[in-house]
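Trainee: Let's go through the ligand site. I want the reasoning behind each term.
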Amino acid sequence: MTYDPDNVFARILRDEIPSDRVYEDDEFIAFRDIAPAAPVHVVVIPRGEPATSPDGLGEADAGMVGRLVVTATRIAREQGLAERGYRLVMNCGEDAGQTVPHLHLHILGGRVLGALG
Ligand code: 5GP
């Protein structure tokens with residue numbers, strides 16, 4: 001899928017849509033989800049024009065994806081989730097309910113999350 005530069009996360013990156021940012025560095029930004037599925041629900045996204053979903057990733061993305069996960073664990077700790085635990089989720093495509101075509105990782109925590117499914 002070609003990258004749509006007007007997708008909602010691209011617009012958040014350009015500050016065309018306001019967001020409650022909790023973290024940013026040269027490579028990633030993280031902000032609170034507008035429709036939180038848990039008491040803490042943060043979305044971490046790469047800057048630029050990454051793959052539209054995990055399905056679009058290749059070998060060249062391995063380092064970035066590793067740093068994305070490590071960054072998310074650091075944010076989770078900063079958000080006070082490390083002791084009780086949390087979930088990292090990447091949705092891929094229609095069956096997973098992916099709605100925004102810009103690679104992203106959800107951090108969910110702050111309550112018992114229950115079974116996957
Ligand atoms: P997906 O379902 O694609 O894995 O995740 C996209 C997420 O983006 C959803 O959880 C949705 O609530 C969130 N989202 C959509 N539009 C906005 C927005 O304008 N601002 C913020 N902060 N989150 C958004």
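Mentor: Start with the shell. Of the 15 residues around the ligand, Asp33, Asn91, Thr99, His104 and His106 come nearest. This is a predicted model: local features need pLDDT of at least 70, side-chain atom pairs need 80 or more, and totals for chains, interfaces and linings use all residues. Side-chain values use heavy atoms, without hydrogens and water, and numbering runs from 1 along each chain as its sequence is written.

Trainee: What makes a residue count as near the ligand?

Mentor: One of its heavy atoms must lie within 4 Å of the ligand. Asn91 has a polar side-chain atom 2.8 Å from a ligand oxygen atom, so Asn91 meets that cut-off.

Trainee: Why is the pair between His104 and the ligand called a polar contact?

Mentor: A polar contact is a pair of N or O atoms within 3.5 Å. A polar side-chain atom of His104 lies 2.7 Å from an oxygen atom of the ligand, so the pair qualifies. Val100 uses a backbone N or O atom, 3.0 Å from a ligand oxygen atom.

Trainee: How much of the ligand does the protein bury?

Mentor: The protein buries 84% of the 520 Å² that the ligand exposes when taken alone. The areas are Shrake-Rupley values with a 1.4 Å probe.

Trainee: What makes seven of the shell residues nonpolar?

Mentor: Their residue types: Ala, Val, Leu, Ile, Met, Phe, Trp, Tyr, Cys and Pro count as nonpolar. Asp, Glu, Lys and Arg count as charged, and the others, Gly among them, as polar. By these classes the shell also has six polar and two charged residues.

Notes
A polar contact is a pair of N or O atoms within 3.5 Å; within protein, one must be able to donate a hydrogen and the other to accept it, and residues adjacent in sequence count only if both atoms are side-chain atoms.
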